[in-house]
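Hi everyone, thanks for making time this morning. I'd like to walk you through one structure, so please have a look at it while I talk.

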Amino acid sequence: DFAGLKMDNTHLMGILNVTPDSFFDGGRNLNATSAISEGKSMWARGASIIDVGGESTRPGAKPISQNQELARILPVIAGLSDANIRISVDTRHANVMKRATVSGAKIINDVAGLRGDGAMAAALESGVPVVIMHMKGTPENMQVDPNYRFAPIEIFQFLKMRIDKAIESGIPASSI
């Protein structure tokens with residue numbers, strides 16, 4: 001089981017990008033009221049998790065301040081949490097992880113693999129399950145000459161290394 005979900009069933013994660021430049025929805029959920037409504041709709045249609053992100057991680061995206069990211073996601077997380085909806089926070093920043101989990105996010109989904117300053121400690125301190133993702137570089141430069149000798153093995157090795165590091169840091173394997 002993971003994050004209160006039985007893993008012998010299929011689960012759907014609804015992606016709720018609260019950014020003006022979302023590659024997925026073109027920014028239509030930038031307004032908190034609209035985003036909360038969309039999150040509730042995804043939940044009602046069968047999503048098991050609503051993944052809320054406020055920083056675009058599309059290739060070439062420019063960084064924003066953590067205050068901007070928090071201003072985008074915290075009202076949405078609070079609104080969905082009030083409706084007892086399982087929320088993951090899509091962030092790579094320790095402070096955002098901390099604030100989002102205090103506001104009701106029950107999972108941390110980190111595209112940077114918990115490599116950011118303080119991210120591993122923030123994830124451990126939060127006590128919530130984590131999703132460890134793989135990304136070369138940053139959103140700004142991830143598509144600037146990314147090369148692999150054999151991507152499946154290199155990505156597997158990266159994920160294994162990050163999982164081992166998370167476990168060494170005190171995050172239970174069952175929470176990864």
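Let me start with a small puzzle: is Thr-19 buried or exposed? Keep in mind that what you see is a predicted model. Thr-19 sits in the loop between β1 and α1. The cut-off for calling a residue buried is under 20% relative accessible area. Thr-19 has 3% relative accessibility, so Thr-19 counts as buried. Its C-alpha lies 9.1 Å from the C-alpha of Asn-31, and the two residues are twelve apart in sequence.

Now to the core. In soluble globular proteins, nonpolar side chains tend to be buried together. Here the largest nonpolar core has 33 residues. Which of them touch the most other members? They are Leu-16, Ile-50, Val-52, Val-76, Ile-77, Leu-80 and Leu-114. If you want to colour the core by element, those giving two or more residues are the helices α1 (32-44), α2 (66-82), α3 (94-102) and α4 (119-126), together with the strands β2 (49-53), β3 (87-90) and β5 (130-132). Of the elements, α2 gives the most to this core, with six residues.

Let's zoom in on two of those well-connected residues. Val-76 belongs to helix α2. With a relative accessible area of 0%, Val-76 is buried. Setting aside neighbours within four places in sequence, Val-76 is in contact with Leu-16, Val-18 and Val-52, and also with Ala-32, Ala-35 and Ile-36. For a sense of distance, the C-alpha atoms of Val-76 and Val-130 are separated by 20 Å, with their positions 54 residues apart along the chain.

Val-52 is the other one. Again without neighbours within four places in sequence, Val-52 is in contact with Leu-16 and Val-18, with Ile-73, Val-76, Ile-77 and Leu-80, and with Ile-87, Ser-88, Val-89 and Asp-90.

On to helix packing, which I suspect is the part you'll enjoy. Two packed helices are described by the angle between their axes and the distance between the axes. How do α1 and α2 cross, and at roughly what angle? Their axes come within 9 Å and cross at roughly 40°. That makes α1 oblique to α2, and the crossing is right-handed. From α1, the residues that meet α2 are Ala-32, Ala-35, Ile-36, Gly-39 and Lys-40, and their partners in α2 are Pro-75, Val-76, Gly-79 and Leu-80. Sorted by class, this contact has six nonpolar, two polar and one charged residues.

Then there is α2 with α3. These two helices pack at an angle of about 20°, with their axes 10 Å apart. That makes α2 roughly parallel to α3. The crossing of α2 and α3 is right-handed. On the α2 side we have Gln-66, Glu-69, Leu-70, Ile-73, Leu-74 and Ile-77, which meet Asn-95, Val-96, Arg-99 and Ala-100 in α3. By class, the contact of α2 with α3 divides into six nonpolar, two polar and two charged residues.

Next, some backbone geometry. Most residues other than glycine have a negative phi, and most peptide bonds are trans. Which value does phi take at Leu-114? Phi of Leu-114 is near 60°, a positive value in a residue other than glycine. Leu-114 lies in the loop between β4 and α4, and at 2% relative accessibility Leu-114 counts as buried. You have met Leu-114 already, among the core residues that touch the most other members. Ala-3 also has a positive phi, of about 55°. Ala-3 is placed in the segment before β1 and, at 22% relative accessibility, counts as partly exposed.

Two last stops. Ala-112 is in the loop between β4 (107-110) and α4, and at 8% relative accessibility Ala-112 counts as buried. Beyond neighbours within four places in sequence, Ala-112 is in contact with Arg-92, Met-133, Met-135 and Phe-158. The C-alpha atoms of Ala-112 and His-134 are 6.0 Å from each other, though the residues are 22 apart along the chain.

Finally, Ile-15 is found in strand β1 (residues 13-17). At 34% relative accessibility, Ile-15 counts as partly exposed. The C-alpha of Ile-15 is separated by 8.1 Å from that of Gly-53, 38 residues apart along the chain.

Thanks for listening, and I'm happy to take questions.

Key. Residues are numbered from 1 along each chain as its sequence is written. This is a predicted model: local features need pLDDT of at least 70, side-chain atom pairs count only at pLDDT 80 or more; totals for chains, interfaces and linings use all residues. Side-chain values use heavy atoms; hydrogens and water are left out. A nonpolar core is a set of buried Ala, Val, Leu, Ile, Met, Phe, Trp, Tyr and Cys residues joined through side-chain atoms within 4.5 Å. Buried means under 20% relative accessible area, exposed over 50%, partly exposed in between (1.4 Å probe, protein chains only). Helices (H or I, at least four residues) and strands (E, at least two) are DSSP runs, numbered from the N terminus. Contact means heavy atoms within 4.5 Å. Axes are lines fitted to C-alpha atoms, for helices over the stretch in contact, and angles run from 0 to 180 degrees between N-to-C directions. Angles under 35 degrees count as roughly parallel, over 145 as roughly antiparallel, 65 to 115 as roughly perpendicular and the rest as oblique. A crossing is left-handed if the near helix is turned anticlockwise from the far one by less than a right angle, and right-handed if clockwise. Ala, Val, Leu, Ile, Met, Phe, Trp, Tyr, Cys and Pro count as nonpolar, Asp, Glu, Lys and Arg as charged, and the others, Gly among them, as polar.
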